[in-house]
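Work through the exercises below with the model in view. Try each task before reading its solution.

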Amino acid sequence: MRYRLTFIAGLALGYVLGTRAGRERYEQMKKSARQFAQNPAVRNSAESAAQSGREFAGKAYHAVSDKVGEKMPASVVERMRSLRERGQGQGIEDDWGTSNT
């Protein structure tokens, strides 16, 4: 019984100390990730990758719609039409995986 009580006390102490150290490490990683994401070079790269992705998606949509024709789901057709109307030459970002902040 004495060994069991010592083991449980050690386990509890290890848990408390481990969670405290884990929380500090989590906060440190969160701060590093925030600083990385706010770096202007990283933001520019992410924006250019998103823009390239939207261009490729548009090209792929046109290639598929030419082959598929009228069999394209109405929801996809409507979504692409609305995106084309919103962003014609204005450089407006869509809301697929991007945020305005």
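**Exercise 1.** Find which residues form a nonpolar patch on the surface, and state their accessible area together.

*Solution.* The patch consists of Phe7, Ile8 and Leu11, with about 340 Å² of accessible area together. Patches take residues with over 30% relative accessible area and no salt bridge; nonpolar side chains (Val, Leu, Ile, Met, Phe, Trp, Tyr) are joined within 5 Å, like charges within 9 Å. Areas come from the Shrake-Rupley method with a 1.4 Å probe, and for residues only the protein chains shown count as cover. Next, place Phe7: helix α1 (residues 2–37) holds this residue. Helices are DSSP runs (H or I, at least four residues), as are strands (E, at least two), numbered from the N terminus. Phe7 counts as exposed because its relative accessibility is 57%. The classes are buried under 20%, exposed over 50% and partly exposed in between (1.4 Å probe, protein chains only).

The model is predicted: local features need pLDDT of at least 70, side-chain atom pairs count only at pLDDT 80 or more, and totals for chains, interfaces and linings use all residues. Residues are numbered from 1 along each chain as its sequence is written, and side-chain values use heavy atoms, with hydrogens and water left out.

**Exercise 2.** Locate the salt bridge and describe its two partners.

*Solution.* The structure holds 1 salt bridge. Glu27 and Arg23 make it through their side chains, at 3.0 Å, N to O. The criterion is a side-chain nitrogen of Lys or Arg within 4 Å of a carboxyl oxygen of Asp or Glu. The partners sit 4 residues apart in helix α1, so about one helical turn separates them. Glu27 is partly exposed at 31% relative accessibility. Arg23 is exposed at 51%.

**Exercise 3.** Compare the reach of helix α2 with the expected value, then list its buried residues.

*Solution.* Helix α2 (residues 40–68) has 29 residues. From first C-alpha to last, α2 reaches 41 Å, close to the expected 42 Å. That expectation is 1.5 Å times one less than the number of residues. Buried in α2 are Arg54, Gly58, Tyr61 and Ser65.

**Exercise 4.** Give the overall secondary structure.

*Solution.* The count is 3 helices and 0 strands. Along the sequence the pattern reads α-α-α.
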